[in-house]
Amino acid sequence: MSITPEVLEQEFSLQTAATRLDFLSRRDSGATTLNTVSEPAADDWSTLLDAGTSLDVPESLELLALGEVIARKAHDSQLVGFRAALRGGATWEQIAAALGVAPAEAWTAFHAAIERQERSAALGPDEAASARELAGARPRT
């Protein structure tokens with residue numbers, strides 16, 4: 001099996017990916033002396049205790065790929081949050097505050113999310129048009 005975000009994205013939900021990422025992250029010592037290669041004895045698991053990390057190469061690659069999966073899934077869910085907030089009557093100032101950006105930046109991010117979803121065919125043309133209409137005019141600030 002190839003360890004890529006595309007493969008793991010099909011295998012893990014966001015919650016499962018986050019749990020697995022947390023598990024693997026906690027197993028790594030985080031030592032700064034990790035620039036040396038360690039080859040533990042294949043028949044003695046206790047040699048892992050002497051290594052700077054307890055992650056093997058496949059687990060390390062999985063940790064990297066899971067981080068990317070989580071980032072992608074979280075980024076994709078942003079459109080859901082925007083639309084729910086707008087339907088609920090939130091202002092661009094409120095949405096911007098939730099994102100830690102200016103209102104105009106939030107509006108631009110919403111439109112970028114719509115475009116990403118259109119390109120991936122997650123949103124059809126009518127849904128995208130409806131989302132753009134929901135956004136209203138671009139805020140001045």
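Mentor: A crossing counts as left-handed if the near helix is turned anticlockwise from the far one by less than a right angle, and as right-handed if clockwise. This model is predicted, with pLDDT of at least 70 needed for local features and 80 or more for side-chain atom pairs, while totals for chains, interfaces and linings use all residues. Residues are numbered from 1 along each chain, and side-chain values use heavy atoms, without hydrogens or water.

Trainee: Is the crossing of H3 and H5 left-handed or right-handed?

Mentor: Start with helices H3 (residues 57-87) and H5 (residues 103-119), DSSP runs of H or I with at least four residues, numbered from the N terminus. Their axes, lines fitted to C-alpha atoms over the stretch in contact, come within 9 Å and cross at roughly 120 degrees, on a scale from 0 to 180 degrees between N-to-C directions. H3 is therefore oblique to H5 (outside under 35, 65 to 115 and over 145 degrees). The crossing of H3 past H5 is left-handed.

Trainee: Which element gives the most residues to the largest nonpolar core?

Mentor: That core has 15 residues, buried (under 20% relative accessible area, 1.4 Å probe, protein chains only) and joined through side-chain atoms within 4.5 Å. H3, H4 (92-99), H5 and H6 (125-135) each give two or more residues. With 5 residues, the top giver is H5.

Trainee: Which proline residues does Trp-92 contact?

Mentor: Trp-92 is among the residues with the most contacts inside that core. Leaving aside neighbours within four places in sequence, its contacts (heavy atoms within 4.5 Å) include Phe-82, Phe-110, Pro-103 and Pro-139. The prolines are Pro-103 and Pro-139.

Note on methods. Buried < 20%, exposed > 50% of the residue type's maximum accessible area, 1.4 Å probe, protein only.
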